[in-house]
Amino acid sequence: MWYKMRDRSLPSSEGHSVLPRPPGTVREWRLADLCTGCGDCVEVCPKAIITLDEERLPVVTALEACGRCGLCADVCTRGAIELTRETRLGLERMQKSDLPEQRAV
Ligand code: SF4
Ligand code: SF4
């Protein structure tokens with residue numbers, strides 16, 4: 001079906017693997033319009049698992065290592081990666097854990 005071929009977050013029907021998008025990435029048909037390929041999500045990922053593909057769109061090289069921290073969504077000013085329920089909680093946890101450090105500065 002056409003959406004299986006376009007949506008890289010879905011497993012390929014032909015058996016060869018394709019890299020998934022970061023959690024919360026908008027659907028493929030919107031991504032190319034929204035994403036500028038700026039690389040901010042690549043820079044911010046604490047696990048260093050985001051890279052840009054040949055179209056300069058974000059892909060995750062090791063989804064199992066993703067901590068669902070939400071930083072990639074938070075940094076994307078284009079709305080190409082949106083916070084999900086899971087990554088919103090991850091971001092809140094991270095911001096709370098940063099508070100004592102920020103107070104100490
Ligand atoms: S931060 Fe957003 S606009 Fe920039 S490369 Fe990542 S997804 Fe694309
Ligand atoms: S949610 Fe966090 S760990 Fe996962 S890809 Fe985005 S920035 Fe990296």
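Me: Quick one to start: how many helices and strands does the chain have?
Reply: In this predicted model, the chain has 5 helices and 2 strands. Read from the N terminus on, its elements follow the order α-α-α-β-β-α-α.

Me: And what does the pLDDT look like for the chain?
Reply: The average pLDDT over the chain is 86, and 78% of the residues score at least 70. Residues 1-16, however, have a pLDDT below 50, although in the model this stretch has 15 contacts beyond near neighbours in sequence. Some care is needed with such a stretch, because predicted coordinates should not be read in detail where pLDDT is low.

Me: OK, what surrounds ligand 1?
Reply: Ligand 1 is surrounded by 13 residues, and the closest of them are Cys-35, Cys-38, Cys-41, Cys-76 and Ala-80. Sorted by class, this shell holds 8 nonpolar, 3 polar and 2 charged residues.

Me: Then which residues are closest to ligand 2?
Reply: The closest are Cys-45, Cys-66, Cys-69, Leu-71 and Cys-72, out of 17 residues that surround ligand 2. Here the shell is made up of 12 nonpolar, 3 polar and 2 charged residues.

Me: Back to Ala-80, what is it in contact with?
Reply: If we leave aside its neighbours within four places in sequence, Ala-80 is in contact with Thr-25, Val-26, Leu-31, Leu-34 and Cys-35. Cys-35 and Ala-80 are also both listed among the closest residues to ligand 1. In addition, the C-alpha atoms of Ala-80 and Asp-33 are 8.6 Å apart in space, while the two residues are 47 residues apart in sequence.

Me: Where is Asp-33, and is it buried or exposed?
Reply: Asp-33 sits in helix α2, which covers residues 28-34. Asp-33 counts as exposed because it has 10 other C-beta atoms within 10 Å, and the exposed class takes in residues with 12 or fewer.

Me: What about the largest nonpolar core, which residues have the most contacts inside it?
Reply: That core has 13 residues, and those with the most contacts inside it are Cys-41, Cys-45, Ile-50, Cys-72, Cys-76, Ala-80 and Ile-81. The elements giving two or more residues to this core are β2 (58-60) and α4 (71-75), and α4 gives the most, with 3 residues. As a general point, nonpolar side chains tend to be buried together in soluble globular proteins. Over the whole chain of 105 residues, buried residues make up 20%.

Me: Changing topic: which way does phi go at Ala-48, positive or negative?
Reply: Ala-48 has a positive phi of about 55°, although it is not a glycine. That is worth a second look, because most residues other than glycine have a negative phi. Ala-48 lies in the loop between α3 (40-44) and β1 (50-52), and it counts as exposed because it has 11 C-beta neighbours inside 10 Å.

Me: What is the phi of Arg-68, and where is that residue?
Reply: Arg-68, which is not a glycine either, has a positive phi of about 50°, and it is found in the loop between β2 and α4. With 17 C-beta neighbours inside 10 Å, Arg-68 counts as partly exposed.

Me: Last one, where is Glu-92, and how far is it from Cys-69?
Reply: Glu-92 is found in helix α5, residues 85-104, and it is exposed because it has 12 other C-beta atoms within 10 Å. Its C-alpha atom is separated by 8.6 Å from that of Cys-69, and the two residues are 23 residues apart along the chain. Cys-69 is itself one of the closest residues to ligand 2.

Notes:
Residues numbered from 1 in each chain as written. Chains lettered and ligands numbered in written order. Predicted model: local features only at pLDDT ≥ 70, side-chain atom pairs only at ≥ 80, totals over all residues. Near = placed C-beta within 6 Å. Nonpolar A, V, L, I, M, F, W, Y, C, P; charged D, E, K, R; others polar. Helix = DSSP H or I, 4+ residues; strand = E, 2+ residues; numbered from the N terminus. Core = buried A, V, L, I, M, F, W, Y, C linked by C-beta atoms within 7 Å. Contact = placed C-beta atoms within 7 Å. pLDDT = per-residue confidence, 0-100.
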